[in-house]
Amino acid sequence: MKVLIIDDEPHIREMMSLTLEAAGYEVGEAADGEEGLVQFGDGDAYDVVLLDQRMPGIDGLETLRRLLARTPDARIVMVTAYASVELAVEAMRLGATNFLRKPMTPEALRGAVAGALAERPFRRERRTSSTELEKPAIEAVTLNGFRFVAAPAPTDATNGEHTFRVRHFGAGTESTVTVSIDPEAIARVERLTGRVLHPNGAFWREQAEQLLAEFLWSQGRMPENGRLIVQDVTRDDLDVAAVWQFD
């Protein structure tokens, strides 16, 4: 199996290459979108593409569009340190197979490639419903070995609870964690931004995900009773809420 890495950071490419080569993959590298398109060609030479989102020249999303225009069934994993719901929605809408965040563990990288290889053809046709675009199943990975993904929520949910399936690589355990949104936090955002953001919508889901990731990283364990509460938002998050477009 052969993997193409398109990333403008040499040390990131080297780390990815060494990790994948140790797992038995053959690896090609490109330093930007234009070089990546040249190496990709018609896509026959590569089984998976790892594509950085932020690069000089042609950015990751535009490179993704051009790769899929050539080979609609290409398996492409978007890689970024700037993950957001907005970017994930656009990448998955365009046809990305999966989404991987920097920094990543070797296990997360190998898992993303293996998952892409296991993906069935015709992904783009299967991801065209509005529900799937609004709530893509994006797996997050922490540096200390946790992996989690948001569980689908009922479309009419209003309880401000966000459920995640959490796995730990080393222990091999899997649990469900529920992150609820404090009504006072919702009221504060509304008061300071003038925006009414649905407690089960994308903005608060991202806040719940951030809290869970921070807890897993800092505590190295599952939350007690499997529950956490978002009690406030940062100044930067208030700025995001003021222009949020996905609720």
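## The largest nonpolar core

Start with the largest nonpolar core of this predicted model, which holds 24 residues. Within this core, V166, V179, W204 and L212 touch the most other members. Several elements feed into the core: β7 (146-150), β8, β9 (173-181), α8 (183-193), α9 (202-219), β10 and α10 (235-242) each supply at least two residues. The top contributor is α9, which gives 7 residues.

L212 is a handy residue to click on here. Leaving aside residues up to four places away in sequence, L212 touches F148, F164, V166, V177, V179, P223 and L228. Gatherings like this fit a broader pattern: in soluble globular proteins, nonpolar side chains tend to be buried together.

## A second core

There's another core to look for, separate from the one above and made of 22 residues. Among its members are I6, L51, A96 and F99.

## Helix α5 and its buried side

Now have a look at α5. This helix has 13 residues, and at 1.5 Å a residue it should span 18 Å. Its end C-alpha atoms are in fact 18 Å apart in the model, so the expected span and the model agree.

Which residues of α5 are buried? They are A108, L109, A112, V113 and A116. These buried residues cover an arc of only 135 degrees around the axis, which means they sit on the same side of α5. The spacing in sequence helps to make sense of that: an α-helix has 3.6 residues a turn, so residues three or four places apart point the same way.

## M104, in the loop before α5

M104 belongs to the loop between β5 (98-101) and α5 (106-118). Is M104 buried or exposed? Its relative accessibility is 9%, and because buried means under 20%, M104 counts as buried.

M104 also makes a nice example of sequence and space telling two stories. M104 and M16 are 88 residues apart in sequence, yet their C-alpha atoms are 9.6 Å apart in space.

## Salt bridges across the chain

How many salt bridges does a search of the whole structure find? It turns up 7. The idea behind them is simple: side chains of opposite charge can pair when their charged atoms come close.

One of these salt bridges joins the side chains of K2 and E26, at 3.8 Å from N to O. K2 lies in strand β1 (residues 2-6) and E26 in strand β2 (residues 26-30), so this pair ties together parts that are 24 residues apart in sequence. K2 itself counts as partly exposed, with a relative accessibility of 22%.

Another bridge pairs R227 with E161, and here the closest N and O atoms are 2.6 Å apart. This one links distant parts of the chain, with R227 in strand β10 (residues 227-230) and E161 in strand β8 (residues 161-168), 66 residues apart. Both partners count as partly exposed: R227 has 39% relative accessibility, and E161 has 30%. A further set of salt bridges shares partners, joining E62, R65 and R66 into one network.

## Inside the network on α3

To see part of that network, zoom in on E62 and R65. Their side chains meet in a salt bridge of 3.3 Å, N to O. The two residues are 3 residues apart in helix α3 (residues 60-70), so about one helical turn separates them.

Neither partner is counted as buried. E62 is partly exposed at 27% relative accessibility, and R65 is partly exposed too, at 34%.

Note on methods. Residues are numbered from 1 along each chain as its sequence is written. This is a predicted model: local features need pLDDT of at least 70, side-chain atom pairs count only at pLDDT 80 or more; totals for chains, interfaces and linings use all residues. Side-chain values use heavy atoms; hydrogens and water are left out. A salt bridge is a side-chain nitrogen of Lys or Arg within 4 Å of a carboxyl oxygen of Asp or Glu. Helices (H or I, at least four residues) and strands (E, at least two) are DSSP runs, numbered from the N terminus. Buried means under 20% relative accessible area, exposed over 50%, partly exposed in between (1.4 Å probe, protein chains only). A nonpolar core is a set of buried Ala, Val, Leu, Ile, Met, Phe, Trp, Tyr and Cys residues joined through side-chain atoms within 4.5 Å. Contact means heavy atoms within 4.5 Å. The expected span of a helix is 1.5 Å times one less than its number of residues. The arc is that of the directions from the helix axis to the C-beta atoms.
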